[in-house]
Amino acid sequence: MLSCIAAVAIASFVGKKAFEPHAYETNDLLLQNVEALGFDRGESWNRKDYDCVAVTCQCIFLKYQSKSAAFVGEGKGSVAHIWECIGCGDCGYTVNK
């Protein structure tokens with residue numbers, strides 16, 4: 001009986017220590033929360049990183065002119081998303097010069 005009580009007491013102490021947050025973990029979580037709260041998702045979402053460039057789409061039996069997105073640098077483009085340029089779908093393309 002005494003050994004059962006001792007086992008339960010040890011298990012509860014070890015379990016408490018295993019699930020108790022440590023000071024450094026709490027501080028790390030606080031820093032992550034501060035960074036997350038300071039991040040403006042709309043800023044990166046709406047940042048214009050691409051330009052639409054003229055391309056010749058090359059499908060199996062068809063060639064046609066279109067515009068495809070080219071990454072030009074963070075905040076240095078005219079459009080924010082690649083789908084703002086028409087593109088070529090699943091066809092290959094070459095950039096018009």
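The link between Cys59 and Cys91 is right-handed, with 85° about the S-S bond. In this predicted model, the sulfur atoms of Cys59 and Cys91 are 1.6 Å apart and form a disulfide. Cys59 lies in the loop between E1 and E2, whereas Cys91 lies in the loop between E2 and E3, so the pair ties together parts of the chain that are 32 residues apart in sequence. The relative accessible area of Cys59 is 25%, which places this residue in the partly exposed class. Cys91 is likewise partly exposed, at 21%; since the buried class ends under 20%, the assignment of Cys91 follows from its value.

A search of the whole structure finds three disulfides. When the bonded cysteines are counted along the chain, the disulfides follow the pattern 1-4, 2-5, 3-6. The pair Cys59 and Cys91 has been described above; the remaining pairs are taken in turn.

Cys52 is joined to Cys85 by a disulfide with an S to S distance of 1.9 Å. Cys52 belongs to strand E1 and Cys85 to the loop between E2 and E3, so this disulfide ties together parts that are 33 residues apart in sequence. The torsion about the S-S bond of Cys52 and Cys85 is about -85°, and the disulfide is therefore left-handed. How exposed or buried are the two ends? Cys52 is partly exposed, with a relative accessible area of 27%, while Cys85 is buried, with a value of 5%.

A further disulfide joins Cys57 to Cys88, with an S to S distance of 1.9 Å. This pair links distant parts of the chain, for Cys57 is in strand E1 and Cys88 is in the loop between E2 and E3, 31 residues apart. The torsion about the S-S bond of Cys57 and Cys88 is about -70°, so this disulfide is left-handed. Both Cys57 and Cys88 are buried.

The strands named so far belong to an open sheet. Strands of a sheet pair through backbone hydrogen bonds, in either a parallel or an antiparallel manner. Here the sheet has three strands in the order E2-E1-E3, and the pairing is antiparallel. Strand E2 (63-71) and strand E3 (92-95) are the edge strands, each pairing on one side only. On average, neighbouring strands of this sheet are turned by 45° against each other, direction ignored. Strand E1 (residues 50-58) runs antiparallel to E2, and nine bridges join these two strands. Within this pairing, Ala54 has Lys67 as its bridge partner in E2.

Next to Lys67 in the numbering comes Ser68, which is also placed in strand E2. Ser68 has a relative accessible area of 11% and is therefore buried. What does Ser68 touch, if residues up to four places away in sequence are not counted? Its contacts are Asp51, Cys52, Val53, Val55, Cys85, Gly87 and Tyr93. This list includes Cys52 and Cys85, the two residues joined by the disulfide with the torsion of about -85°. One of the other contacts, Val55, is 13 residues from Ser68 along the chain, and the C-alpha atoms of the two are separated by 6.5 Å.

The loop between E2 and E3 also contains Ile82. Apart from its neighbours within four places in sequence, Ile82 is in contact with Tyr50 and Ala69. Ile82 and Asp49 are 33 residues apart in sequence, but their C-alpha atoms are 9.1 Å apart in space.

Asp49 leads to the final feature, a pairing of charges. Side chains of opposite charge can pair when their charged atoms come close. How many salt bridges does the structure hold? There is one, and it is formed by Arg47 with Asp49, the closest N and O atoms being 2.8 Å apart. The accessibility of the two partners can be set side by side: Arg47 counts as partly exposed, at 29% relative accessibility, whereas Asp49 counts as buried, at 7%.

Notes
Residues numbered from 1 in each chain as written. Predicted model: local features only at pLDDT ≥ 70, side-chain atom pairs only at ≥ 80, totals over all residues. Heavy atoms only, no water. Pairing = 2+ DSSP bridges. Helix = DSSP H or I, 4+ residues; strand = E, 2+ residues; numbered from the N terminus. Axes fitted to C-alpha atoms, helices over the stretch in contact; angles between N-to-C directions. Contact = heavy atoms within 4.5 Å. Disulfide = S-S within 2.5 Å. Buried < 20%, exposed > 50% of the residue type's maximum accessible area, 1.4 Å probe, protein only. Salt bridge = Lys/Arg side-chain N within 4 Å of Asp/Glu carboxyl O.
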